[in-house]
Every structure is written in structure tokens, then in C-alpha cells.
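Visitor: I would like to learn how to read a model of two chains, feature by feature. Where should we begin?

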Amino acid sequence: MRTLTTITAAALSLLVAGTASAAGTEQPLDPANADDQLRIQVKMSCSLVEGTPTLYWWSGRVWARVPGEPNRLLFNVHGMNMRQCRVKQDPVRGFCYRSVSREVMFYLDPVTNEVARRWKSPWSGEEVDVVHVANDPVNARDWYCSRDKDGKPVDRSDNLSFKDDLLLEGGGAARLFYKSPLAGEYQDYVGGTYHAMEFGTSAASAVEALDAGDSELQDTLISWVRISRWLPWMKMGDRDGLVVFHTAGMRLDSWEQLPEVVRREVDTRYPSYKAPPPLDDLRPNETSWTVFKKFIDERRAKESPSN
Amino acid sequence: MFISRRSASQSSAFVFAAEVPSSRKTSFLAAAAVAALMAAVPATRAADMLDPAKPEDALLLNRKMTCSLEDGQTVIHWWRGSMLSRVPGERDRVLFNVQGMNIRQCGSFVDPKRGPGFRSVSREVMLYLDPQTNEVLRRWKNPWTGEEVEVIHVANDPVNMRAPTFAFGADGKPAVFRGSFVKGKAWTSGEAPLWYDNPLAGDYQSYVGNNYHAMEMLNSFTDAKALLNPAVRTLPSVSISWARVSDWIPWMKMGGRTGIIVFNTVGMRVASLEDLSEPLRSELKANYPAYLVPPPLDDSRPNETSWTYIKKVVDSRRAAKGD
């Protein structure tokens, strides 16, 4: 059990943020304590030191799953997320944080590994523009806290395993099912709902995770999977089928550690993604669906200016 | 790497073995290209370290990611996570939590033409747990059909590489280690798209459908130095992330209903069966005693999958009823 002293120590380390590691005498974080569970999560996701830029990179592949045919490899992918977090101690809600980030993911030709610009759908035969993932922002909508509004601790231990030298995180999934920005006003009646599942898992050093003087888990390894309907730019309409992303990656220390293809593409086309959004960013989130809507709306406006 | 030599009739529910069948090489070569794009070889590799560019060393790297360089050394992988449904038109449902384990060993081979080789043999259990209480489920009420069915947990014995993998393939192609080396870590990442005759369906599947259709996804992470050091015979720390997308599991009795299931798990190598989570550890000891050790190194039985296993269960019940 945590003593009052260690709680104070933890709170102090939070207050002095950047200098916390200098002390080196803190009690370790307690994986059974709700506040510390969230601190561990923040160490993975960003940093206990507010405003520390955090860079994640991942790479993998995108497959098509269509009933009645073997899965097809469509693309290799490289993605990166540039993030920072606010942290605070709330008298009722306990330890809280909010993340803000920008994210890109590029579709690469699976044979040449060149960034794909056009893609011929093997199902429709139509060649379309590849619209890469470039979501700005990808933010937490609100503060995320260790306690609910009544001050009751939220237990996240189911998603955290400490074993030997490892901390394993994950095992659940984000089940996304909401009104598609690209479909009409009667989706409950005729379908078209946005429907996707995303799940990530992480692995990091257990010793570093529990070290109260260590504000981030700099060597966190990640796996990320996503299953959704066709991407809108694939122009697959109502055709049966799903896309499955499977990737692996890790937290990087610097921009230079990114693969060359990612650096070049971000430098030339998405330079604003080299820094996270401001900590107080309140813009609505972008998704591939909202980004594509802007893309197609602009194109339509150009093609038929009278409309 | 995790894909064993699979054929239409011998794909397991999942394996962590080491070779890609030639029919799926194209996609894995593409995956390898990504790996090559990354620093495929660490810049500061010492002379006495394994060299991923050498076929004999690539074989050893694959073997270390799969099991141990020591013949007969037992290696246990454990994982936990959840299983969800995806049905068009409804929000995905969390159906079960899962806990699984694979117990394996590897043996060495030598071929005059193909050089050194190895083969892994293993047994595998995965339990379906109540998503609220984490208790082992015995019965499950199907929310779509309303029918209550018996839960048949994954118990695949064996899950073996069909044949050894060597430093050089039968076609002379050198073994490749498809790994990424980043910031002192090393990992492999791959998918096995499975598409073959469904053992539970009929003899005209290419005409009327019902093929077995699944994809396994596995990432395995470890420390780069330990992996490249030939003196480290068994990796001290490996974490994994395993996912799977497939049609309904046969025991759910969903017939031809539209929908798929998705597994999402995280796990690691553990030192002994005592390190397994509950209830897996107790359930294993109580109900799966054969799974406390790997199969013998010379095991030549055909692989078991959840589909072949369930066929046996259903067939024996039908026989008992005199159907």
C-alpha cells in the first residue's frame, strides 16, 4: 500500500517536473495505485514533464480481406506520431493528462517501397489518387484522469502486466462505430456508419516504468493493428471487404532516427508535422475520413466551379 | 518470424515457427523489403557477432527468435488479450478475454547441400475467459442465435514445423533474417494470410465457398545485443504481440452468418509454467497435462488446428449419439 509520504513524494515530483530525476530517491511507482497506473501510461505515451515532444514511429503492411478470396497485400506503411502532453494534479480527479499530436502514415508500393501516388484497384480496375494519412490534430478530447468525478480510482491494472524485466500494456481494443462524415443523414436506416477497430500493445522496461524519477519510457516498443472498411480514397463503394493494418515500431529519440522515406516525405509535404500541436490546442480531431472529405470537396469545387 | 511451413491441410491456429512456404514468399519478401529499409544491420556490429547477411547466421537469428540454440531446451511463450466480433452494421463486441501459451523445443539438423538447420515442435493452449470475471468459460450463449453452446478451448497438439528449415532452401536460396534493428532493440513482424480447404466444409469449396480464411499477425521484440551475440543461446527477454482475424470459430455455431472475429494479445517468453497467469496455469495443470512439456523432437504427427480439433470433438459426439 502507498503511504502518505510516497503520495506526497509523487506529487512533489510532479510539481518539480523536470527536476524530478535529479532526486533519484523517490519510492517506486505502485502498479496497484490508480494514480501511478496513469503515470506509467503517461510515461509510455509522452512524459511526466509537460511539453516534452514525443516521437513514435511504426511500420508494417496493409492487407485486404475480401470474403471468398485469399487476403492480398496492398501496401507497406510507415507512420509517425509527434505528441506532447499536459499533466496536472486535480484535488478530486487525481493525476490527469491530456495529449495533443499530429500523425502521418504513408502507403508504400509493396514491391518497390516507393511512396505510392496512384493506385489501381484490382477489384474495380479504376486508378485513384492515394491519399496518405495526415491527421492534424489527433488530440485527447478532454483530460484523462486517474479518478472519476467522485474521486473514485479508475483501475487500469487489467491492461498492465509486470513480469520479470518487462511491462506489457494493452489487450483491449478501441471499438469505433459512429456517424461517418462521408455518409448521409440516415445512416441508422441505410448504413454507411464508420466502423473500425484499433488496438495497440506496448512493451517497456518494468524497472524504468516503476522508477518515479524517470519521466518517460524512451525505449517503448509498440504494435498497432487496425481493421476497418475500405479507405475512402480506394473508391470501393459498397463492395464487401476490409483492410487490415499490422505494424511494429518504437519510440524514437530524435527526428534523425526516422527512416529516410518518412523524413523526406514529411520534409517536403508535411513540414508542420515535425512538431506537436500546442498544448492548449482545442481544434476538432481529423481522421482519414474527414481529411478525405476536404480533399474530395476541394476537387469537386475545382471541377465544377458553378456548384 | 513465426510462420511454419504450412500447407493447405496443415495450418495451425497459430505457430511461432520459422519458415515461409514458397506459395507465400512474395508477400514476405515485400515485408523483408521494409525491414531492409530500416537499419537492417546495426552499424556497430562487432566481428564476433552474428551477421544477418550470412545465411548460416540468419538461420541462427531465426532460431533464437523462435526457440533456443540449445537442442531440447524448453521455451514457453505466454500471452493475454481479448477476442472481439465484427459484424457489419453493429458496434464490435468484446466476446472473451483470452490467455494462451505455447510450449516448444527445437532440434538441430544438418543437410550436406543445405547446411545447418533446425525444426521446432510445440503444443499450444488458449482459453476463452469471461470478459468480466476472467473465469474459464464452459458454456457460452451466442448473442446472435440465442443458442447456448459448449466452449471448446484451443488445444493444438502438435503445432510443429513440418520440416526443418536450413541455411539454404531446397532451391539454393539463402536463409534471410527479416528483422529490424532500431535503438538497441531488434524485432520481427509478419503476417500469415491463410486460405485453404476448410476441414469442416465439403469437397466443392472452390465452387460454393466456405474455405478456411484467416490471417495471423505476430511481432516479436528483443534486445539486439543478446540476439546478435552467439554466446547467448536462449534470449533472456522477448515480448510478443499476436493478433488474428478469421471467420467465426466453429464451436460458436454461427453457420454462414456474416461476421468475423479478431484476437488482440500481448505477451512474452516466460521461464517456467509457474510464470503463467491465472486461470491459465491452474487450468493447464488440471485439464491439459500433456501440454506441460513440448512434443518429442522427432514428432512426425500432422498439425492440429482449432478446426481439425473441433471436427474430432463433433465427430466423436455424433458417433456416440449414433448419428
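**Reading the model**

Guide: Begin with a strand pair: β8(B) and β9(B) run antiparallel and are joined by four bridges. Two strands pair if DSSP finds at least two bridges between them. Strands (E, at least two residues) and helices (H or I, at least four) are DSSP runs, numbered from the N terminus. This is a predicted model, in which local features need pLDDT of at least 70, side-chain atom pairs count only at pLDDT 80 or more, and totals for chains, interfaces and linings use all residues. Residues are numbered from 1 along each chain as its sequence is written, and chains are lettered from A and ligands numbered from 1 in the order in which they are written.

Visitor: Which residue of β9(B) stands opposite B:Gly179?

Guide: That residue is B:Thr188. The hairpin of β8(B) and β9(B) has two residues between the strands, and B:Lys183 there takes a positive phi near 50°.

Visitor: Which way do the residues of strand β8 of chain B point?

Guide: First, the term buried: a residue is buried if 20 or more other C-beta atoms lie within 10 Å of its own, exposed if 12 or fewer, and partly exposed in between, with C-beta atoms placed from the backbone. In β8 (residues 179–182), B:Gly179 and B:Phe181 point one way, while B:Ser180 and B:Val182 point the other way; all are buried. Across chain B, 46% of the 323 residues count as buried.

Visitor: Why is A:Gln41 classed as it is, buried or exposed?

Guide: A:Gln41 is buried because 21 other C-beta atoms lie within 10 Å. This residue lies in helix α3 (residues 34–45) of chain A. Its C-alpha atom and that of A:Leu217 are separated by 9.4 Å, although the two residues are 176 residues apart along the chain.

Visitor: How should I read a positive phi or a cis peptide bond?

Guide: Most residues other than glycine have a negative phi, and most peptide bonds are trans, so the other cases are worth noting. A:Asn113 has a positive phi near 65° and sits in the loop between β3 (94–108) and β4 (118–120) of chain A. A:Asn113 counts as partly exposed because it has 18 C-beta neighbours inside 10 Å. A cis peptide bond joins A:Asp136 and A:Pro137, with omega about 5°. Another cis bond, with omega about 10°, joins B:Glu278 and B:Pro279; B:Pro279 lies in the loop between β12 and α5 (280–287) of chain B.

Visitor: How many residues does each chain bring to the contact?

Guide: Two residues are in contact if their C-beta atoms, placed from the backbone, lie within 7 Å. Chain B brings 41 residues and chain A brings 42. On the side of chain B that touches chain A, β12(B) gives the most, with seven residues. By class, that side has 20 nonpolar residues (Ala, Val, Leu, Ile, Met, Phe, Trp, Tyr, Cys and Pro), eight charged (Asp, Glu, Lys and Arg) and 13 polar (the others, Gly among them).

Visitor: Which residues have the most contacts inside the largest nonpolar core?

Guide: A nonpolar core is a set of buried Ala, Val, Leu, Ile, Met, Phe, Trp, Tyr and Cys residues joined through C-beta atoms within 7 Å. The largest has 104 residues, and those with the most contacts inside it are A:Val77, B:Met83, B:Val98, B:Val125 and B:Val262. A second, separate core of ten residues includes A:Val42 and A:Phe95.
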